[in-house]
Amino acid sequence: ETKVLKIESSVEINISYPCKVIRTGGLVAFPTETVYGLGASVFNEKAVDRIFEVKGRAKDNPLIVHVNSVDMLYKIGKVDEKYRTIIEDITPGPITFVVKKRMQLPDNVTAGLETVGIRIPAHPVAEKLCLCAGPIAAPSANLSGKPSPTDANAVIEDLYGRVECIIDAGETPFGIESTIIDLTGDRPVILRPGPVTIEKLEEIFGEIVVPDFVRDARAVTNPKAPGMKYRHYAPEKPVYIFGLSIREKIKKFVEKENGVILCPVDHKDFYPRDRVIVLGTLENPYTIAQNLFRILREFDKTKFNVAYVEKLEEKGILFSVMNRLKKAGMEVQL
Ligand code: TXA
Ligand code: MG
């Protein structure tokens, strides 16, 4: 039996029930500022095992530990002195730090690694939950392979009946998963681009390493973020990415194959009106990130057979958006 707990106001948040669920070894889906997470107490090995079962997640793909303060982050992980001011400045927020493990944790949380991914979420519900029941181990609250959930409906679609509680606090503000940065080596290495952009990371950390598997999301051979090797974010139906130079050809395909175009509102007038789904606006590209996963899920429920997505300029947040799109689909080669 799953209890869906609706939270209407961010002023009065009563989460005593989900806190109790987590403390007593149950699973709770909860909102963060990125996507919804599926949480269990980090100290409860059995509960953490159930996260993997419920999601159908590979056991070698570690979870992120969610905490409420930098003090707790430093208790769980060993953080180099030189990074502390930066971490204190940018948290809470949509960024995960991979650091060496300090605290003893059940093996399944980190998939046996000596490092651990830790994040301090900035969503009022997540903050409160981490305070009363944290640290919380949580991956995104979707079935493995599906797009991450950005609202409670998507969580319900995937997990209803399999978890004790789903907190519904509406849409998540960023709509894509946190940036992951590995701080275990000489220089910071970005493992997953996200809301904190590469440009921003360079500004705060100085030089950072952007590995090939991040630069070209398709070229995945021996990724350092274990989760990167799995198919991700994908709807059931095919998704293709196309460059603007072949726009005219794609317009023909769209009719012939009963497809639909996914593009920013700024470009919608190039296509037949009844064959466009608007992703957001280039004037505020964060809107595109915010809508992407919901639209990929919605596309599966439409009558269209295939989605053609306009390639976006890989800068700022749109670099992170394109990273997810390349995992959901393939670039059209003509
Ligand atoms: O925004 C987010 O990060 C959301 C919310 C719920 O916090 N969570 C999320 O979790 O996206 P998940 O499990 O879907 O992605 C976690 C990623 C995986 O790619 C995993 O491989 C990586 O974090 N990760 C976790 N611990 C790691 C570690 N020690 N070393 C390298 N990668 C790690
Ligand atoms: Mg995930």
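These legends go with close-up views of a predicted model.

**View 1. Ligand 1 and the residues around it.** In this predicted model, 27 residues surround ligand 1. The closest are Thr 34, Arg 57, Asn 61, His 66 and Ser 178. Sorted by class, the shell comes out at 13 nonpolar, 9 polar and 5 charged residues. Three side chains are worth picking out here. Arg 57 puts a polar side-chain atom 2.8 Å from an oxygen atom of ligand 1. For His 66, a polar side-chain atom sits 2.6 Å from an oxygen atom of the ligand. Ser 178 has a side-chain N or O atom that is also placed 2.6 Å from an oxygen atom of ligand 1. As for cover, ligand 1 has 680 Å² of accessible area on its own, and the protein covers 97% of that. Now for the secondary structure: β4 (64-66), β7 (115-119) and β11 (189-192) are the elements that give two or more residues to the shell. Of the elements, β7 gives the most, with 4 residues.

**View 2. The stretch that UniProt lists as a YrdC-like domain.** The label "domain: YrdC-like" comes from an unreviewed UniProt entry, which gives residues 12-196. Across residues 12-196, the chain is 29% helix and 22% strand. The C-alpha atoms at the two ends of this stretch are 29 Å apart.

**View 3. The disulfide of Cys 19 and Cys 132, with two other cysteines.** The structure holds 1 disulfide, and its partners are Cys 19 and Cys 132, with sulfur atoms 1.6 Å apart. The link is left-handed, at -60 degrees about the S-S bond. It ties together distant parts of the chain: Cys 19 belongs to helix α1 (residues 16-23) and Cys 132 to helix α5 (residues 124-133), 113 residues apart. Cys 19 counts as buried, at 6% relative accessibility, while Cys 132 counts as partly exposed, at 25%. And why is Cys 130 not bonded to Cys 132? The sulfur of Cys 130 is 8.7 Å from the one in Cys 132, its closest cysteine sulfur, and that is too far for a bond. Cys 130 is buried, with a relative accessible area of 5%. Cys 263 is buried as well, with a value of 0%.

**View 4. Thr 172 and Glu 177 in the loop between β9 and β10.** Thr 172 lies in the loop that runs between β9 (165-168) and β10 (179-182). Thr 172 counts as buried because its relative accessibility is 2%, under the 20% cut-off. Its side chain reaches the backbone oxygen of Thr 34 at 2.9 Å, and Thr 34 is one of the closest residues to ligand 1. Glu 177 lies in the loop between β9 and β10 too. Glu 177 is buried, with a relative accessible area of 4%. Its side chain has polar contacts with the side chains of Ser 148, at 2.5 Å, and Arg 324, at 2.7 Å.

**View 5. Ala 141 in the loop between β8 and α6.** Look for Ala 141 in the loop between β8 (136-138) and α6 (152-159). Ala 141 is buried, with a relative accessible area of 0%. Gly 25 is 116 residues from Ala 141 along the chain, and their C-alpha atoms are separated by 17 Å.

**View 6. Two cis peptide bonds that lead into prolines.** Most peptide bonds are trans. Here, though, a cis peptide bond joins Thr 91 and Pro 92, with omega at about -5 degrees. Pro 92 has its place in the loop between α4 (81-90) and β6 (95-101). The bond from Gly 134 to Pro 135 is cis too, with omega near -5 degrees. Pro 135 is found in the loop between α5 and β8.

**View 7. Positive phi at Ala 111 and Asn 258.** Most residues other than glycine have a negative phi. Ala 111 goes the other way, with phi near 55 degrees. Ala 111 lies in the loop between β6 and β7 and counts as partly exposed, at 24% relative accessibility. Asn 258 has a positive phi of about 50 degrees, although it is not a glycine. Asn 258 is in the loop between α9 (247-256) and β13 (259-263). Asn 258 is partly exposed, with a relative accessible area of 22%.

Definitions and conventions. Residues are numbered from 1 along each chain as its sequence is written. Chains are lettered from A and ligands numbered from 1 in the order in which they are written. This is a predicted model: local features need pLDDT of at least 70, side-chain atom pairs count only at pLDDT 80 or more; totals for chains, interfaces and linings use all residues. Side-chain values use heavy atoms; hydrogens and water are left out. A residue is near a molecule or strand if one of its heavy atoms lies within 4 Å of it. A polar contact is a pair of N or O atoms within 3.5 Å; within protein, one must be able to donate a hydrogen and the other to accept it, and residues adjacent in sequence count only if both atoms are side-chain atoms. Accessible areas come from the Shrake-Rupley method with a 1.4 Å probe; for residues, only the protein chains shown count as cover. Ala, Val, Leu, Ile, Met, Phe, Trp, Tyr, Cys and Pro count as nonpolar, Asp, Glu, Lys and Arg as charged, and the others, Gly among them, as polar. UniProt positions are given in the numbering used here, feature names are shortened, and annotations may be inferred rather than shown by experiment. A disulfide is a pair of cysteine sulfur atoms within 2.5 Å. Buried means under 20% relative accessible area, exposed over 50%, partly exposed in between (1.4 Å probe, protein chains only).
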